[in-house]
Amino acid sequence: MPIIVIWGDDKPKCDREVEKLITQNVSQTWRNLNISKFNGDELNQIFKALDDVQTPPLGDGSRVVLIKNNPIFNSKDESLQKKFEFIALNIPDSTFLIMQSTQKPDSRIKSTKLLKKIINNNKGREIHYKLPDIWDNENQIKYIENTCKDLNIKIDKSAPQAIIESIGLDTFRLKNELEKVSLYLSFK
């Protein structure tokens, strides 16, 4: 699947997904030459990334082109949409275009409609990691329980609510605090 769109406000999970895709598909030997990262905040970098995605990988494994802060599915820039439409149909099977954003793709934009067709034809994938809403206490608790489970930390039933009250769902801080707890428990 040459095109992968990753979006959501859970930045650490989005970043882990990008790293997982890179690790699974890019040869360690050729890693430095087969990974290109671009900033979607700058229009010229987006065009460079879309040109770069047509370059086949060097050596074995695949090539990954990553656009962080991807605006392609949320911007009505006509030149950007045309470039994406041309490139999307011509990406080599051994190259992955990963587009990461905090925003959900806008379904009214032409490039997003094309993305849906690509996904339906199994040439692309959409992955999202969204934090629970601030008023959704039940899902916040589930999120903390799942994060603890991912870190192999067993917690009391009242602990998630106490964590929410003290640090909220700041994912970086949550992970750091849970890692401290894990370290503390390992010495106990």
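**Exercise 1. Placing a helix on the sheet**

Task: Starting from helix 5, describe which strands helix 5 lies across, and then work out the order of the strands in the sheet.

Solution: Helix 5 lies across strand 1 and strand 5, and runs at about 110 degrees to strand 5. The structure is a predicted model, and the steps below should be read with that in mind.

The next step is to place these strands in the sheet, which is open and consists of five strands in the order 2-3-4-1-5, with parallel pairing. Strand 2 (35-39) and strand 5 stand at the edges, and because each has a single partner strand, one side of each is left without a neighbour in the sheet. On average, neighbouring strands of this sheet are turned by 15 degrees against each other, if direction is ignored.

**Exercise 2. Strand 1 and its two partners**

Task: State how strand 1 is paired with strand 4 and with strand 5, and which residues stand opposite Trp 7.

Solution: Strands of a sheet pair through backbone hydrogen bonds, either parallel or antiparallel. On one side, strand 1 (residues 3-7) pairs with strand 4 (residues 95-101) in the parallel sense over five bridges, and within this pairing Ile 4 stands opposite Ile 98. Strand 1 is also joined by five bridges to strand 5 (residues 124-128), and these two strands run parallel as well.

Trp 7 can then be followed into both partners: its bridge partner in strand 4 is Ser 101, while in strand 5 the bridge partner of Trp 7 is His 128.

The last step concerns the side chains. In a regular strand the side chains alternate between the two faces of the sheet. In strand 1, Ile 3, Val 5 and Trp 7 point one way, whereas Ile 4 and Ile 6 point the other way, and all are buried. Strand 1 is accordingly described as mostly covered, with five of its five residues buried.

**Exercise 3. Two helix contacts**

Task: Determine how helix 4 is oriented towards helix 3 and towards helix 5, and what kinds of residues make up each contact.

Solution: Two packed helices are described by the angle between their axes and the distance between the axes. For helix 3 (residues 43-52) and helix 4 (residues 78-88), the axes come within 10 Å and cross at roughly 15 degrees. Since angles under 35 degrees count as roughly parallel, helix 3 and helix 4 are therefore roughly parallel to each other. The crossing in which helix 3 passes helix 4 is left-handed. From helix 3, Leu 43, Ile 46, Phe 47, Leu 50 and Asp 51 meet Ser 79, Leu 80, Lys 83, Phe 84 and Ile 87 of helix 4. The residues of this contact of helix 3 with helix 4 divide into seven nonpolar, one polar and two charged.

For the second contact, the axes of helix 4 and helix 5 (residues 110-120) come within 9 Å and cross at roughly 15 degrees. Helix 4 is therefore roughly parallel to helix 5, and the crossing of these two helices is left-handed. Here Glu 78, Gln 81, Phe 84, Glu 85 and Ala 88 of helix 4 meet Lys 110, Ser 111, Leu 114 and Ile 118 of helix 5. The residues of the contact of helix 4 with helix 5 divide into four nonpolar, two polar and three charged.

**Exercise 4. Three single residues**

Task: Decide whether Ile 35, Asn 70 and Asp 150 are buried or exposed, and describe their surroundings.

Solution: Two cut-offs are needed, because buried means under 20% relative accessible area and exposed means over 50%.

Ile 35 is found in strand 2 and has a relative accessible area of 18%, so Ile 35 is buried. Leaving aside neighbours within four places in sequence, Ile 35 is in contact with Ile 22, Val 26, Arg 63 and Val 64. The C-alpha atoms of Ile 35 and Gln 100 are separated by 15 Å, although these residues lie 65 residues apart along the chain.

Asn 70 is found in the loop between strand 3 (63-68) and helix 4, and at 4% relative accessibility Asn 70 counts as buried. With neighbours within four places in sequence left aside, Asn 70 is in contact with Met 99, Gln 100 and Ser 101.

Asp 150 has its place in helix 6 (residues 137-150), and with a relative accessible area of 58% Asp 150 is exposed. Asp 150 and Leu 58 are 92 residues apart in sequence and 35 Å apart in space, C-alpha to C-alpha.

Terms used: Residues are numbered from 1 along each chain as its sequence is written. This is a predicted model: local features need pLDDT of at least 70, side-chain atom pairs count only at pLDDT 80 or more; totals for chains, interfaces and linings use all residues. Side-chain values use heavy atoms; hydrogens and water are left out. Buried means under 20% relative accessible area, exposed over 50%, partly exposed in between (1.4 Å probe, protein chains only). Helices (H or I, at least four residues) and strands (E, at least two) are DSSP runs, numbered from the N terminus. Two strands pair if DSSP finds at least two bridges between them. Axes are lines fitted to C-alpha atoms, for helices over the stretch in contact, and angles run from 0 to 180 degrees between N-to-C directions. Angles under 35 degrees count as roughly parallel, over 145 as roughly antiparallel, 65 to 115 as roughly perpendicular and the rest as oblique. A crossing is left-handed if the near helix is turned anticlockwise from the far one by less than a right angle, and right-handed if clockwise. Contact means heavy atoms within 4.5 Å. Ala, Val, Leu, Ile, Met, Phe, Trp, Tyr, Cys and Pro count as nonpolar, Asp, Glu, Lys and Arg as charged, and the others, Gly among them, as polar.
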